[in-house]
Amino acid sequence: MVAVAEPTTLSAPSIGRWGRSVAFLRRHRWFAAALGLGAVLRIITMLGFGPAMWFNDSYDYISVALHPRPHPIRPDGYGFWLLILKPLHSLALVAFTQHLMGLGTGVLIYALLTRRFNLPGWGATLAAVPVLFDAYQIQIEQMIMSDAMFVLLVVGVITLVLWHREISWKVGAAVGGLLALTALTRSIGLPILALVVVYLLVKRTGWKPILALVTACAIPVVGYMSWFKAVNGQFAMTNSDGVILYMRTASFSDCHEMGVDPRAELQLALLCIPKKPADRGPSAQAYLWWDNDNQIHVFGAGMKFDAEMNKNTSAFATRAILSQPGDYLAVVAKDFFRAFRWDRSPFPDTKTFLQYEFGNNITTRLPQWTSFRGQTHTDAEIYENGPAATVNARPWADIMIGYQKVMRLPGLALGVLLLIGLYGVALRWRKLGGPVLLPWLASVGLILAPAATAEFDYRYLIPAAPLACLAAAITLRHGLRLRRTTPPADTAP
């Protein structure tokens, strides 16, 4: 009897979760290193400027979280985020979530460029560098402001649209929902809906995804506008669009050229600015916000953002634009190109400009302004359930103060990125710009819209930067494929 031995079975050792994680980090080592460094900078910021930093608008968001209502000046999307986090009574936690949003924006950029457009890891990492390392991006994430959320939502919309070659109705609905959140966070996000719809029409996506997108966006927006009408008497998202547009025209409007008749148009005549345009200051915001030049104060502070004032200021601003189109285009162009300067000169005034800077004062006292059912400083303390003023802690604060002096995306660099994207659009003219068109137009629009409807402000450049990086990276992706042997995921020329 012959015994036959069974063959020895050698089982390959399982790689395991840890091994897979290490392999993943090796594949994405450039981005992993950049993301880690970006996280360290944000930790230093939180240690140096706790519990959070403040801007003039911050107190309105806190007020909405304490007393939910449709705010007359700006939509409530970010205020509702604060409302969700309110039971935890931690402004530091709010800032922490915003830093996660900033890091998440970088992840979206990297994932889209590597997975959809087949860029090498180092190339996609370069495109994410501004959002990960720009000192002003990090600083505004530490603020009680809607900007970090808005940036994440805008980049999320663009990423979701570009990720899919074929847009199904389910993807269209998801994009529409994100667009609704974007518009409810900042009203300037609503025009992006039209931009996305036009892009999908150019791609010949079909009517079902577009209908799903528009419906998913319209339902929450219309619901919010209905709530706004029930409280404020106007079917709108705010009572401020006309007032803000009036501010835009305040630097050049001339009632003589506009033909305003004080006897027949008293409400418009009261909005006329006594100073000649040549004698007015460089910033139009003075005629809305600052008491020394505030023209709307003649109606009383309580009427500044009511429906009637919004209607009158809208009529005045429209008359000014139509009567003085050359002057209007001149101020819009001046503010648009101001975005591409190398330096950051104080604008619109020194006080506002310094709120975007890491400061070296030990404690920032909160202003004692009147708010809805309270005062700004007490509102902040109620939300925090304790002291809420920013306290600078050394050496962490000093590190970020020094960092901000050297690590920023200059306006000139933003302009170069947009020129690269424009080249990419022109290169694909047969396809009307291809995938470059959407992020490029969104970036330009986010710079142009404030210049056309309000006034230049440095924080309006922050959401435009990651989109400009996306457009430039997609344009250059073939030139960056130095070691790739697989064909690119996108075949557009």
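R338 and D335 are both buried, and in this predicted model the two side chains form a salt bridge whose closest N and O atoms are 3.5 Å apart. Because R338 and D335 are three residues apart in helix α16, about one helical turn separates them. D335 also takes part in a salt bridge with R248, where the closest N and O atoms are 2.9 Å apart. This second pair links distant parts of the chain, since R248 belongs to helix α12 (residues 241-249) and D335 to helix α16 (residues 325-338), 87 residues apart. R248 has a relative accessible area of 2% and is therefore buried, while the corresponding value for D335, also buried, is 4%.

A further salt bridge joins R74 to D57, with the closest N and O atoms 3.3 Å apart. It too connects distant parts of the chain: R74 sits in the loop between α3 (58-66) and α4 (77-85), and D57 in the loop between β1 (49-50) and α3, 17 residues apart. With a relative accessible area of 11%, R74 is buried, and D57 counts as buried at 15%. Both residues belong to a network of salt bridges that links D57, D60, R74, D147, R186 and R459. The count of salt bridges in the model comes to twelve, among them the three pairs tabulated here.

| Salt bridge | Closest N and O atoms |
|---|---|
| R248 and D335 | 2.9 Å |
| R74 and D57 | 3.3 Å |
| R338 and D335 | 3.5 Å |

Turning to the helices, α8 (residues 147-163) contains 17 residues and reaches 24 Å from its first C-alpha to its last, close to the 24 Å expected at 1.5 Å a residue. Of these 17 residues 14 are buried, so α8 is largely enclosed by the rest of the structure. The unreviewed UniProt entry annotates residues 148-165 as one of its transmembrane regions, and another covers residues 460-476. Over residues 148-165 the chain is 89% helix and 0% strand, with the end C-alpha atoms 28 Å apart, whereas over residues 460-476 the values are 76% helix and 0% strand, with the end C-alpha atoms 26 Å apart.

On the surface, I43, L47, W396 and I399 make a nonpolar patch of about 350 Å², to which α2 (29-48) and α19 (396-406) each supply at least two residues. I399 lies in helix α19 and, with a relative accessible area of 39%, is partly exposed.

The domain assignment of the chain gives domain 1 (154-235) and domain 2 (240-338), and the C-alpha centres of domain 1 and domain 2 lie 32 Å apart.

How values were computed. Residues numbered from 1 in each chain as written. Predicted model: local features only at pLDDT ≥ 70, side-chain atom pairs only at ≥ 80, totals over all residues. Heavy atoms only, no water. Patch = residues over 30% accessible without salt bridge, like charges linked within 9 Å, V, L, I, M, F, W, Y side chains within 5 Å. Areas by Shrake-Rupley, 256 points an atom, 1.4 Å probe, with all protein chains shown as cover. Salt bridge = Lys/Arg side-chain N within 4 Å of Asp/Glu carboxyl O. Helix = DSSP H or I, 4+ residues; strand = E, 2+ residues; numbered from the N terminus. Buried < 20%, exposed > 50% of the residue type's maximum accessible area, 1.4 Å probe, protein only. Domains from an automatic or database assignment. UniProt positions renumbered as here; feature names shortened; annotations may be inferred. Expected span 1.5 Å × (residues − 1).
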